[in-house]
Amino acid sequence: MKLDNTDPYEPELGASEWREQAGDEQNVNKTGTTTIGIATDEGVLIATDRRASLGGRFVSNKQVVKVEEIHPTAAMTLVGSVGGAQSFIKSLRAEVNLYETRRGEDMSIEALATLAGNFARGGPFFAINPILGGVDEDGSHVYSIDPAGGVMKDDYTVTGSGMMVAYGLLEGEWHEDIEMDEARRLAARAVQSAAERDTGSGNGLVLCEVTADGVDITEYDGFPDESEL
């Protein structure tokens with residue numbers, strides 16, 4: 001395909017052109033997924049399943065880690081096409097590092113969420129819907145970033161194909177005074193419940209705890225008993 005763009009400072013592919021080149025959606029690795037973020041007074045708990053699929057019909061990978069550290073006290077989930085989500089996180093992490101190197105100070109989580117929304121709105125990252133969880137001097141924060149770049153803050157949020165089942169459990173059991181240990185067990189149960197009904201979710205659990213001390217990610221091959229969490 002010949003492109004009309006001759007400006008060296010513009011992207012090689014425009015948004016519509018890029019999507020035409022994205023290929024057959026049925027052959028794109030997608031996380032499908034259930035991802036959950038819960039803010040507590042102690043920090044943020046993020047939980048995800050571990051399944052990736054092709055076109056929602058074939059399980060292409062059973063050991064995906066769908067959450068990554070993007071800042072010393074912030075993490076983000078991978079939701080949507082695997083390539084788009086990975087590219088999004090790499091680009092965002094690079095911008096955060098550049099910001100903090102230039103200014104000599106940490107980026108706030110609110111600013112990080114705004115930057116993520118701008119990236120999602122302006123870049124060719126193909127159907128992503130991540131959760132951003134982080135801790136700064138203003139406390140614990142959870143944001144969902146929609147594919148159009150919308151940034152929404154909440155006490156808890158769910159994205160992915162299993163969100164309706166997971167939300168049902170969270171709505172009934174979340175409360176304002178929830179602590180990290182309780183959030184860990186609740187999020188794990190919500191992911192497991194979603195995996196029972198959603199074909200895009202399953203094959204284990206990943207838990208990520210974000211506190212003022214850093215980001216701790218734990219992988220489980222299956223769904224552990226609550227006593228193991």
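**Exercise 1. How many salt bridges does the count come to?**

Remember while you work that this is a predicted model.

*Solution.* Start with the cut-off: a side-chain nitrogen of Lys or Arg has to sit within 4 Å of a carboxyl oxygen of Asp or Glu. With that rule, the count comes to eight salt bridges. The next three exercises pick some of them apart.

**Exercise 2. Find the distance between N and O in the salt bridge of E68 and R93, then say what the pair ties together**.

*Solution.*
- Step 1: the side chains of E68 and R93 meet at 2.9 Å, N to O, and the cut-off is 4 Å.
- Step 2: place both partners. E68 is part of strand β6 (residues 67-71) and R93 part of helix α2 (residues 82-103), so the bridge ties together parts that are 25 residues apart in sequence.
- Step 3: check the cover. E68 has 25% relative accessibility, so it counts as partly exposed. R93 comes out at 26%, so partly exposed is the label here too.

**Exercise 3. Work out which helices the pair E173 and R189 links**.

*Solution.*
- Step 1: confirm the bridge. The closest N and O atoms of E173 and R189 are 2.5 Å apart.
- Step 2: assign the elements. E173 belongs to helix α4 and R189 to helix α5, which makes this a link between distant parts of the chain, 16 residues apart.
- Step 3: look at accessibility. E173 is partly exposed at 33%, and R189 is partly exposed at 26%.

**Exercise 4. Take the salt bridge of E209 and R184: is R184 buried or exposed?**

*Solution.*
- Step 1: the side chains of E209 and R184 meet at 2.5 Å, N to O.
- Step 2: E209 sits in strand β12 and R184 in helix α5, so parts 25 residues apart in sequence are tied together.
- Step 3: apply the cut-offs. Buried means under 20% relative accessible area. R184 has 13%, so it is buried. E209 has 23%, so it lands in the partly exposed class.
- Step 4: a side note on networks. R50, E219 and D221 are joined into one network by salt bridges that share partners.

**Exercise 5. Which element supplies the largest share of the largest nonpolar core?**

*Solution.*
- Step 1: a bit of background. In soluble globular proteins, nonpolar side chains tend to be buried together.
- Step 2: get to know the members. The largest nonpolar core has 22 residues, and I36, I38, L45, A47, L170 and L205 touch the most other members.
- Step 3: list the contributors. At least two residues each come from β2, β3, β11 (156-159), α4 (163-173), α5 (180-197) and β12 (205-211).
- Step 4: pick the winner. Helix α5 gives the largest share of this core, eight residues.

**Exercise 6. Where does D41 lie, and is D41 buried or exposed?**

*Solution.*
- Step 1: locate D41 in the loop between β2 (35-39) and β3 (44-48).
- Step 2: exposed means over 50% relative accessible area. D41 reaches 75%, so it counts as exposed.
- Step 3: look around on the surface. D41 gathers with E42, D154, D155, E171, E176, D177 and E179 in a patch of negative charge.

**Exercise 7. What is the phi of N203, and where is its place in the chain?**

*Solution.*
- Step 1: phi of N203 is near 65°, which is a positive value in a residue other than glycine.
- Step 2: N203 is in the loop between α5 and β12.
- Step 3: with 22% relative accessibility, N203 counts as partly exposed.

**Exercise 8. For M76 and I46, V82 and S53, and R51 and N61, set the separation along the chain beside the distance between C-alpha atoms**.

*Solution.*
- Step 1: M76 and I46 are 30 residues apart in sequence, and their C-alpha atoms are 8.6 Å apart. M76 lies in strand β7 (residues 74-77) and is buried, with a relative accessible area of 0%.
- Step 2: V82 and S53 are 29 residues apart along the chain, with 9.6 Å between their C-alpha atoms. V82 is in helix α2 and is buried at 16%.
- Step 3: R51 and N61 are 10 residues apart along the chain, with a C-alpha separation of 5.9 Å. R51 is in the loop between β3 and β4 (52-54) and is buried at 17%.

Definitions and conventions: Residues numbered from 1 in each chain as written. Predicted model: local features only at pLDDT ≥ 70, side-chain atom pairs only at ≥ 80, totals over all residues. Heavy atoms only, no water. Patch = residues over 30% accessible without salt bridge, like charges linked within 9 Å, V, L, I, M, F, W, Y side chains within 5 Å. Areas by Shrake-Rupley, 256 points an atom, 1.4 Å probe, with all protein chains shown as cover. Lys, Arg positive; Asp, Glu negative; His and termini not counted. Charge placed at Lys NZ, Arg CZ, Asp CG, Glu CD. Helix = DSSP H or I, 4+ residues; strand = E, 2+ residues; numbered from the N terminus. Buried < 20%, exposed > 50% of the residue type's maximum accessible area, 1.4 Å probe, protein only. Core = buried A, V, L, I, M, F, W, Y, C linked by side-chain atoms within 4.5 Å.
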